[in-house]
Amino acid sequence: QVQLVESGGGLVQPGGSLRLSCAASGFTLDYFAIGWVRQAPGKEREGVSCISSSGGSIYYLASVKGRFTISRDNAKNTVYLQMNSLKPEDTAVYYCATRASCVPTAQYGDWGQGTQVTVSS
């Protein structure tokens, strides 16, 4: 069974940090780019970050650049999103999903169930 499972979300104060994990089971992540997408209440989903299968190509949404870092450990079949200097506007459900590549037109394939990130004092 192909499955992506996100973890690491939670409640954090502004300026705090969280590390999200996206673990795959039933298939290997080696051949896929992985994107992180978030959806805040009442807003559309937006792509936050993406890492190519090799890790050599990385994309960040402008509003998170310099604060978020995406990485992957293919040996652990896991992709990470390190989020620092969190702001209230980062509050959302964060999803990971497979992609063929990180070009803007690349479609999303399999999705995880999402993990809630809440930034509030």
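Let me start with the sheet in this predicted model, where four strands come together as an open sheet, in the order 1-3-8-7, and the pairing is antiparallel. At the edges we find strand 1, residues 3-7, and strand 7, residues 68-73, each of which pairs on one side only. If we ignore direction, neighbouring strands of this sheet are turned against each other by 15 degrees on average. To take one pairing in more detail, strand 1 and strand 3, which covers residues 18-25, run in the antiparallel sense and are joined over five bridges, and there the bridge partner of S7 is S21, in strand 3.

Now I would like to turn to the charged side chains. The count of salt bridges comes to three, and R38, E46, R67 and D90 are linked by such bridges in a network. R38 pairs with E46, with the closest N and O atoms 2.7 Å apart; R38 counts as buried because its relative accessibility is 6%, below the 20% cut-off, whereas E46, at 32%, counts as partly exposed.

R38 also forms a salt bridge with D90, and here the closest N and O atoms are 3.0 Å apart. Since R38 lies in strand 4 and D90 in the loop between strand 8 and strand 9, this pair ties together parts that are 52 residues apart in sequence.

What about R67? This residue forms a salt bridge with D90, the closest N and O atoms being 2.7 Å apart, and because R67 sits in the loop between strand 6 and strand 7, the pair ties together parts 23 residues apart in sequence. Both R67 and D90 are buried.

Terms used: Residues numbered from 1 in each chain as written. Predicted model: local features only at pLDDT ≥ 70, side-chain atom pairs only at ≥ 80, totals over all residues. Heavy atoms only, no water. Pairing = 2+ DSSP bridges. Helix = DSSP H or I, 4+ residues; strand = E, 2+ residues; numbered from the N terminus. Axes fitted to C-alpha atoms, helices over the stretch in contact; angles between N-to-C directions. Salt bridge = Lys/Arg side-chain N within 4 Å of Asp/Glu carboxyl O. Buried < 20%, exposed > 50% of the residue type's maximum accessible area, 1.4 Å probe, protein only.
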